[in-house]
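Got the viewer open and a selection box ready? Here is a short walk through the model, one stop at a time.

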Amino acid sequence: MANILLIYPPFCTPASPPYSLAKLYSVLKANNVAVKALDLNMEFHKRKYPAFQKYFKEFQKQYEKYAEVSADYLRITKEDYASNNRMVSAGNNPELFDEMLSLILNEKPLFVAFSIVYSSQVFYAFALLKALKEKGIKTVIGGPAVNTALKDISDFHLNNEAELLAFCGKKEHSKNDALDFTGFSLTDYFTPSIVLPMKTSSTCYYQQCAFCTHHGKQKYLEFPLSPIAESITNSKQQYVFLIDDMIPKNRILDIAAAFKPMNISWMCQLKPSAEYDAETFKILYGSGLKAVVWGVESGSDRVLKLMKKGTSAKEVESVLKAAHDSGIKNVAYIMFGFPTETKDEFLETIEFLKKNSESIDLVSTAVFGLQKATEVYENPSEFGITKIIEKQRLLLDPSVKYEASKGLSQQDAEEMRQNYKKTLEKLNKYPKAMNFFREHMLIASAKDI
Ligand code: SF4
C-alpha cells in the first residue's frame, strides 16, 4: 500500500519514464515515504496501441518501415487524443478510464499526486481528479501545465518536490539525490532501449530569449554530477537524454568528463553559440554525445536579434558544421512567424537550412505562439504587437492570439510552413517522427542507422 501514489496522466509520447515522476519518486523514497509511481500515460498507450508498442520496441530490426509506421502512429494518436479530450470537455469519461482508475484505486493510496507537465495531459487528469474527488480521495497536483481548472478540482497544489516532501511530513533533504528508476516498468516503454531523462541544472542560465517561458525566471543552479552518474550506473542503462534547456560550455565539458568513463551515448539541447567550437565537439563526441537539438529558431539576423537569441546566422552555421564534422547529429529547431517576421525573412530561413543541409540531420519546425510571462507578452509594442486577444476555454487556460503592425500573421506563417513542407522534409536524414520520439533519434544515431 502506498501512502502517496504519483501519477503521470495521458497523453504524451510513451518513449521513456517521465523525469518529473522519477524525481518525485526518488526524493520521497530516499526520505522513507511510502510511495509508488504509476505512469498512466504508458499504461494507456500499451493497452490502446499494442502493435505500435511491439514495433517501436524493436524498430531497428525493421528500420525501413519506421517512417511509415511512425507517421501512422502520430496520425492515429493525434485523432484519438483530440476525441478523448472532446469527451472530457463534454463531461464524459475518456477511453480506458475505468482501467486507469482501477490501477489507482488498487493501490489504496492516502493521497494521489499528479505531475502535469504538458497541457495535453490536462483533460485526462481532470477526469481522474473528478472521479477521485467523488470517491473522497485527496489529490495533490503540481507541474508546469497546472491550470485553474485543475486547481479548482484538486485538494492541494504544490510547486516542487521540497513542498511535496514537507506535505508528507518530512523536513529538509538533500536536493541532489540520485534518480531511482526501479519504480517504473521499463520494459513497457515504446523503445528498444530505455533513454534515461536527466537534468543537470535547475534551469537555463541565459533566460533572455523573448519568446521563452521555460526558465520560469528561476535561479540557475548546477546540480552535482556524482549523483547523476550514480543514477545512470545504478539503472544499468546506456542512453541518456539531458533535458536541460541549455548547458554552458564549461559545464558541458565537466559533464563529458563525468560521462566518458561510463561508455554511454547521450543527447542534449543547446543554443548554438560560438563557444561550442571544433575542439569542444571533439571532446563531447569522445564522451558519447551523439546528437544535439539546437535552438536555431531563424536564419534571419534581424529576427534573431529581435528574439534576443544572442546568436547570428553565421555563428549558427559554423556551430552546426563543427558539430557535424565531429560526428554529432544535429536537430535544428526552427520557429517561424516571430512577430514582424516578413515573407522574405521566412524565406531566408528556408535558404539558410538548404545551404547548411549537409550539417543538418533533422528539422523540427513550429509557428510562434504568444505565451504569457514571456518578454513578448510583457512588452508587446517592442515586438510590433498592437493587440492581444485572449479567449476563454473550458479546461485549458485562455488561448492568446495577437495582431501585429507588420509581418506575417500566425496563419500566414502556418500556410507558408505547409507550402514548404516538402522542401523541409527533404533536409531530413532521419524520419521526421523522431522530432517526437527523440529517444529513437539518439538510439539510431548511436547505432549509426
Ligand atoms: S530558448 Fe533556450 S536558451 Fe533561450 S532562454 Fe529559453 S531555454 Fe534559455
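**Stop one: helix 2 against helix 5**

Start by selecting Leu40, Glu43, Phe44 and Arg47 in helix 2, then add Glu99, Met100 and Leu103 in helix 5: these are the residues that meet where the two helices touch. Sorted by class, this contact of helix 2 with helix 5 comes out as 4 nonpolar and 3 charged residues, with no polar ones. Keep in mind as you click around that this is a predicted model.

Now show helix 2 (residues 40-48) and helix 5 as cartoons: they pack at an angle of about 140 degrees, and their axes are 11 Å apart. Is that roughly antiparallel or oblique? Since roughly antiparallel needs an angle over 145 degrees, helix 2 and helix 5 are oblique to each other. The crossing of helix 2 past helix 5 is right-handed.

**A detour along the backbone**

From helix 5 (97-105), follow the chain into the loop that leads to strand 3 (111-115), and pick Lys108 there. Its phi is near 45 degrees, which is a positive value in a residue other than glycine.

Then jump back to the loop between strand 1 (4-7) and helix 1 (19-30), where Phe11 sits. Put the backbone in sticks and look at the peptide bond from Pro10 to Phe11: it is cis, with omega near 10 degrees.

**Stop two: helix 4 and helix 6**

Next, select helix 4 (residues 66-89) and helix 6 (residues 122-134), whose axes come within 9 Å and cross at roughly 40 degrees. That makes helix 4 and helix 6 oblique to each other, and their crossing is left-handed. Which residues make the contact? On the helix 4 side, select Asn84, Asn85 and Val88; on the helix 6 side, Phe123, Tyr124, Phe126 and Ala127. Colour the contact of helix 4 with helix 6 by class and you get 5 nonpolar residues, 2 polar and no charged ones.

**Stop three: helix 10 and helix 11**

Move along to helix 10 (residues 249-259) and helix 11 (residues 278-286), which pack at an angle of about 30 degrees with axes 9 Å apart. The cut-off for roughly parallel is under 35 degrees, so helix 10 and helix 11 are roughly parallel to each other. Their crossing is left-handed. For the contact, pick Lys249, Ile252, Leu253 and Ala256 from helix 10, and Thr280, Ile283 and Leu284 from helix 11. By class, the contact of helix 10 with helix 11 holds 5 nonpolar residues, 1 polar and 1 charged.

**Stop four: the ligand**

Now centre on the ligand. What is around it? Select Cys204, Tyr206, Gln207, Gln208, Cys209, Cys212, His214, His215, Asp245, Met246, Lys271 and Gly295. This shell around the ligand splits into 5 nonpolar, 5 polar and 2 charged residues.

**Last stop: zoom out**

Finally, clear the selections and bring back the whole protein, with its 18 helices and 13 strands. The radius of gyration is 22 Å, close to the 22 Å that the globule rule gives for 449 residues, so the protein is as compact as a globular protein of that length. Turn it along its principal axes and the C-alpha trace spans about 60 × 55 × 45 Å.

Notes:
Residues numbered from 1 in each chain as written. Predicted model: local features only at pLDDT ≥ 70, side-chain atom pairs only at ≥ 80, totals over all residues. Near = placed C-beta within 6 Å. Nonpolar A, V, L, I, M, F, W, Y, C, P; charged D, E, K, R; others polar. Axes fitted to C-alpha atoms, helices over the stretch in contact; angles between N-to-C directions. Helix = DSSP H or I, 4+ residues; strand = E, 2+ residues; numbered from the N terminus. Parallel < 35°, antiparallel > 145°, perpendicular 65-115°, else oblique. Left-handed = near helix turned anticlockwise from the far one by under 90°. Contact = placed C-beta atoms within 7 Å. Rg over C-alpha atoms; globule rule 2.2 N^0.38 Å.
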